[in-house]
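I opened my notebook to look around a structure that is new to me. My plan was to check the empty spaces, then the ligand, then the backbone.

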Amino acid sequence: MTTVTHASEPSVKSASPVRSGSPADSAASRPQKVSLFENVIRQFNKATTLMGLDPNIGKILSKPQNEITVNFPVKMDDGRVEVFTGYRVQHNSALGPFKGGLRYHPSVDIDEVRALAAWMTWKTALTHIPFGGAKGGIQIDPSRYSSDELQRISRRFTYALGDNIGPEYDIPAPDVNTNPQIMAWILDTYLSTIPPHARQNCTHVVTGKPVVSGGSLGRDKATGQGIVFLIEQWAEDKGLDLSNATYTLQGYGNVGSWAARLLKPHGSRLIAVEDHTGAVANPAGIDADHLYEHVRAKGGVRGYPSATPIDHVALLKTKADIFIPAAMESQITAVTAPLLDVKLVAEGANGPTDIEGDNLLQQRRIDVLPDFLCNSGGVIVSYFEWLQNKRSEYWDLDEVDAKLKKQILKAYRAVRDAAGQFQTDWRTAAYIVAIRHIETVYKERGIFP
Ligand code: NAD
């Protein structure tokens with residue numbers, strides 16, 4: 001079954017993004033039950049009031065353009081059939097084709113996907129990429145399924161989405177619990193459903209592919225690399241010597257582990273880290289590469305031999321220069337923000353801080369590199385991958401990294417300037433830069449008819 005809703009009314013329903021039993025589910029950290037999309041709208045409204053956005057354009061941007069829900073059957077290894085629910089929310093395409101990742105997680109629902117899709121719209125606008133914003137996913141715990149089952153689920157989801165994705169229309173990419181292999185399955189399925197003569201022109205239907213299947217060099221590390229470029233610039237602006245700096249980290253998947261491995265050459269010390277299996281600390285520093293090997297072998301940071309187990313609250317309370325949340329949303333709240341003892345929160349995850357948490361960080365004068373600036377390296381290099389596929393080119397890693405650095409630091413300076421001009425926090429400033437860009441496009445084109 002496929003349900004496509006155009007410009008539907010966003011509902012405000014409760015969703016707790018923290019899984020029960022997870023390290024982040026301790027009493028001290030449990031977030032208020034707020035709709036994630038409502039959180040986006042509150043951030044958006046704060047910026048639009050300050051910048052004086054045309055209210056007609058505010059109305060358009062407050063709602064997703066299209067929402068697609070698909071229920072599709074998949075045969076399991078034991079012969080049973082399970083029916084899965086998948087989503088794709090296409091928030092806005094004023095600047096170009098819809099763009100955004102696919103997430104496989106039990107927390108995925110229409111509210112979460114709406115919020116993530118809207119953040120993609122702001123991210124592509126802020127970084128001047130000719131894409132709109134979208135996000136999708138399946139409500140699923142992928143650890144419960146075999147690789148063959150995940151392949152059939154991914155292929156059948158792609159088939160169910162049908163023409164709702166396309167290389168010039170809506171381009172998915174990896175997100176939580178999805179990876180280059182899943183992108184390769186999506187690519188292969190999509191190509192199998194279109195006429196043979198069109199197939200060679202459509203490899204850019206997904207980004208974040210394995211390099212030999214048309215992926216870009218540097219896409220795997222791009223989000224972490226972008227975070228590190230921004231931290232370097234922030235440290236330079238603040239006069240902080242990164243070779244003496246300490247940091248804590250939540251999430252050791254794609255984003256978190258790359259950020260850590262790329263901070264290592266600077267000499268910065270990772271002193272506490274948490275993922276869904278637990279948290280560990282070592283004031284002398286945790287070797288990012290050794291931890292990466294441990295996580296690959298054991299499935300999580302728990303049991304890492306060169307560190308001591310700690311709990312979630314201890315992780316948050318650890319005094320450090322920088323905290324990088326790189327896991328799930330709504331982790332920094334009215335309850336947890338007072339625990340942080342850092343100078344900078346570099347938001348690798350999407351939506352890790354809710355409105356109340358944000359207010360507390362500002363009151364406590366903790367700097368924030370806001371999510372849709374801080375983690376924009378991934379979509380910037382996805383854009384480079386898309387361009388390479390369209391032009392039948394392969395760029396070398398130095399070229400990708402140099403272009404990424406230039407583009408992400410341009411966005412950093414735009415946010416810094418807007419924060420000064422409007423005397424506001426960096427998140428609101430990032431919204432202002434992004435929304436102003438989209439507003440200009442709407443004003444130039446007008447509203448049909
Ligand atoms: P991933 O699946 O590779 O890693 C997710 C990490 O989060 C894992 O280490 C997992 O153990 C941890 N985690 C999950 N639940 C947790 C919990 N309750 N407490 C502590 N840790 C928990 O995902 P990823 O691609 O690294 O994405 C992480 C975040 O970054 C997400 O918010 C995602 O939307 C955002 N992001 C990812 C990209 C990208 O290129 N992959 C780009 C931009 C933003």
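**Entry 1, the cavity.** I searched the whole structure of this predicted model and found one cavity of 30 Å³ or more. I noted its volume as about 70 Å³. Which residues line this cavity? I wrote down Q43, K46, I355, D358, N359, Q362, D425, R427, T428 and Y431. Next I asked which elements give two or more residues to that lining. They are α1 (36-51), α10 (355-363) and α14 (426-445). I saw that α10 gives the most, with four residues. Sorted by class, the lining of the cavity has two nonpolar, four polar and four charged residues.

As a reminder to myself, rolling a probe the size of a water molecule over the atoms shows where empty space is left.

**Entry 2, a pocket.** I moved on to the second largest pocket and noted a volume of about 310 Å³. How many residues line this pocket, and which lie nearest its centre? I counted 14 lining residues, and I366, D367, V368, D425 and W426 are the ones nearest the centre. The elements that give two or more residues here are α6 (222-238), α10, β13 (367-369) and α14. I found that α6 supplies the largest share of the lining, three residues. By class, I listed five nonpolar, two polar and seven charged residues for this pocket. I put a mark beside D425, a residue that lines the largest cavity and also lies among those nearest the centre of the second largest pocket. I marked α10 and α14 too, as they are named for the cavity lining and for the pocket lining.

**Entry 3, the ligand.** Which residues come nearest to the ligand? Of the 25 residues around the ligand, I noted D175, T223, Y252, H276 and N350 as the nearest. I then looked up some of the polar atoms that face its oxygen atoms. R103 has a polar side-chain atom 2.9 Å from an oxygen atom of the ligand. For N254, a polar backbone atom lies 2.9 Å from a ligand oxygen. A327 also offers a polar backbone atom, 3.0 Å from an oxygen atom of the ligand. How much of the ligand does the protein bury? Taken alone, the ligand exposes 820 Å², and the protein buries 91% of that. I sorted the shell around the ligand into eight nonpolar, eleven polar and six charged residues. Domain 1 (49-210) and domain 2 (222-374) each give at least three residues to this shell.

**Entry 4, the backbone.** Before looking here, I reminded myself that most residues other than glycine have a negative phi, and most peptide bonds are trans. Is the peptide bond from F448 to P449 cis or trans? I read it as cis, with omega near 5°. P449 sits in the segment after α14. I also stopped at H128, which has a positive phi, near 55°, though it is a residue other than glycine. I located H128 in the loop between α3 (110-126) and β5 (133-139).

How values were computed: Residues numbered from 1 in each chain as written. Predicted model: local features only at pLDDT ≥ 70, side-chain atom pairs only at ≥ 80, totals over all residues. Heavy atoms only, no water. 1 Å grid on protein atoms, 1.4 Å probe; cavity = no way out; pocket = protein on both sides within 12 Å on 5 of 7 lines; lining within 4 Å. Points joined across faces, edges and corners; volume = space filled by probe spheres on them. Nonpolar A, V, L, I, M, F, W, Y, C, P; charged D, E, K, R; others polar. Near = heavy atom within 4 Å. Polar contact = N/O pair within 3.5 Å; in protein donor to acceptor, adjacent residues only side chain to side chain. Areas by Shrake-Rupley, 256 points an atom, 1.4 Å probe, with all protein chains shown as cover. Domains from an automatic or database assignment.
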